[in-house]
Amino acid sequence: MKTAIYPGSFDPVTFGHLDIIMRASKIFDHLTVAVLNNNVKTPLFSVEERVNILKEATKDIPNVSIESFQGLLIDYAREKDIHVSVRGLRAITDFEYELQIAQTNRKLSNGQLDTIFLTTSLEYSYLSSSSVKEIASFHGDISQCVPEFVAKLVYEKYGHSVD
Ligand code: PNS
């Protein structure tokens, strides 16, 4: 069985992430979306909230499961016996950072964890979780960036009323 892991912060999940999840789920027999539980960063959503949001957003894709992990991705992937990591590339600006992570993971895992990149669909190439949060914090329109139920949850976090 061809399996892969799609790691990330997903704070919150955007249409760009969901596009990668949908496409990767067609390439692999099973895709584990792994939400990083990072004590260093202060996320808008707790790891439990991010997992639940992703579960709801991917509920119609049968071969996708949502998990969380702490520590190194290579350790978590080894535990799950997964040897391919999936990441989305939006623009050349992502490349250097992504290349560094991919090479580090390959080296640290002694070649046991490879990375494949999917280019983000053009209509989502401008999207990032950070810009979604910034726009929402000023009560801007994020309806083109995240599913409606996610937008409501994001606005709630910033104390904006949703109706
Ligand atoms: O959505 P993000 O924040 O760009 O995802 C980054 C992520 C989660 C893929 C990366 O930070 C990660 O894998 N962190 C886990 C720690 C780790 O394995 N670090 C070694 C690679 S530099």
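When I speak of a contact in this talk, I mean that heavy atoms of two residues lie within 4.5 Å. With that in mind, and remembering throughout that what we have here is a predicted model, let me begin with Val33, which, leaving aside its neighbours within four places in sequence, is in contact with Tyr6, Phe10, Ile21, Leu54, Val64, Ser65, Ile66 and Glu67.

Several of those names come back when we turn to the nonpolar cores. The largest nonpolar core has 35 residues, and those with the most contacts inside it are Tyr6, Ile21, Leu31, Val33, Leu54, Val86 and Ile142. At least two residues of this core come from each of β1 (3-8), α1, β2 (30-36), α2 (47-57), β3 (64-69), β4, α5 and α6 (148-157). There is also a second, separate core, made of nine residues, and Leu73, Tyr76, Ala77 and Leu113 are among them. As general background, nonpolar side chains in soluble globular proteins tend to be buried together.

Staying with the strands for a moment, how many bridges link β1 and β2, and in which sense do they pair? The two strands pair in the parallel sense, over six bridges, and one position to look for on the screen is Ala4, which stands opposite Leu31 in β2. Five of the seven residues of β2 are buried, so this strand is largely enclosed by the rest of the structure.

Next, please follow the chain into the loop between β1 and α1, where we find both Phe10 and Pro12. Two backbone features deserve some care here. Phe10 has a positive phi, near 50°, although it is a residue other than glycine, and the peptide bond that joins Asp11 and Pro12 is cis, with omega at about 0°. For context, most residues other than glycine have a negative phi, and most peptide bonds are trans.

Phe10 also brings us to the aromatic residues, since the structure holds three aromatic pairs, of which I will describe two. Tyr6 and Phe10 form an edge-to-face pair, with 5.2 Å from centre to centre and 85° between the planes. Are these two residues buried or exposed? Buried means under 20% relative accessible area; Tyr6, at 4% relative accessibility, therefore counts as buried, and Phe10, at 3%, counts as buried too. The other pair I want to mention is Phe15 with Tyr124, whose ring centres are 6.1 Å apart and whose planes meet at 35°, so the pair is tilted. Because Phe15 lies in helix α1 (residues 15-27) and Tyr124 in the loop between β5 and α5, this pair ties together parts that are 109 residues apart in sequence. Phe15 itself is partly exposed, with a relative accessible area of 24%.

Let me now move to helix α4, which covers residues 92-108. Does its length agree or disagree with what we should expect from 17 residues? At 1.5 Å a residue the helix should span 24 Å, and the C-alpha atoms at its ends are 25 Å apart, which agrees. The helix nonetheless has a kink of about 25°, centred on Glu98. Glu98 is buried, as are Asp94, Ala102 and Asn105 in the helix, and the buried residues of α4 pack against α3 (73-80), β4 (84-89) and β5 (114-119). Just after α4 comes Asn110, which sits in the loop between α4 and β5 and has another positive phi in a residue other than glycine, near 55°. With a relative accessible area of 68%, Asn110 is exposed.

Finally, two residues help to place α4 relative to its surroundings. Asp114, in strand β5, is 16 residues from Glu98 in sequence and 12 Å from Glu98 in space, C-alpha to C-alpha. Not counting residues up to four places away in sequence, Asp114 touches His83, Val84, Ser85 and Arg106, and at 34% relative accessibility Asp114 counts as partly exposed. Ser131, for its part, lies in helix α5 (residues 129-137) and is partly exposed at 25%; Ser131 and Ala102 are 29 residues apart in sequence and 24 Å apart in space, again C-alpha to C-alpha.

Methods:
Residues are numbered from 1 along each chain as its sequence is written. This is a predicted model: local features need pLDDT of at least 70, side-chain atom pairs count only at pLDDT 80 or more; totals for chains, interfaces and linings use all residues. Side-chain values use heavy atoms; hydrogens and water are left out. Helices (H or I, at least four residues) and strands (E, at least two) are DSSP runs, numbered from the N terminus. The expected span of a helix is 1.5 Å times one less than its number of residues. The bend at a residue is the angle between axes fitted to the seven residues ending there and the seven starting there. Buried means under 20% relative accessible area, exposed over 50%, partly exposed in between (1.4 Å probe, protein chains only). Rings of Phe, Tyr and Trp (its six-membered ring) pair if their centres lie within 6.5 Å; planes under 30 degrees apart count as stacked, over 60 as edge-to-face and the rest as tilted. A nonpolar core is a set of buried Ala, Val, Leu, Ile, Met, Phe, Trp, Tyr and Cys residues joined through side-chain atoms within 4.5 Å. Two strands pair if DSSP finds at least two bridges between them.
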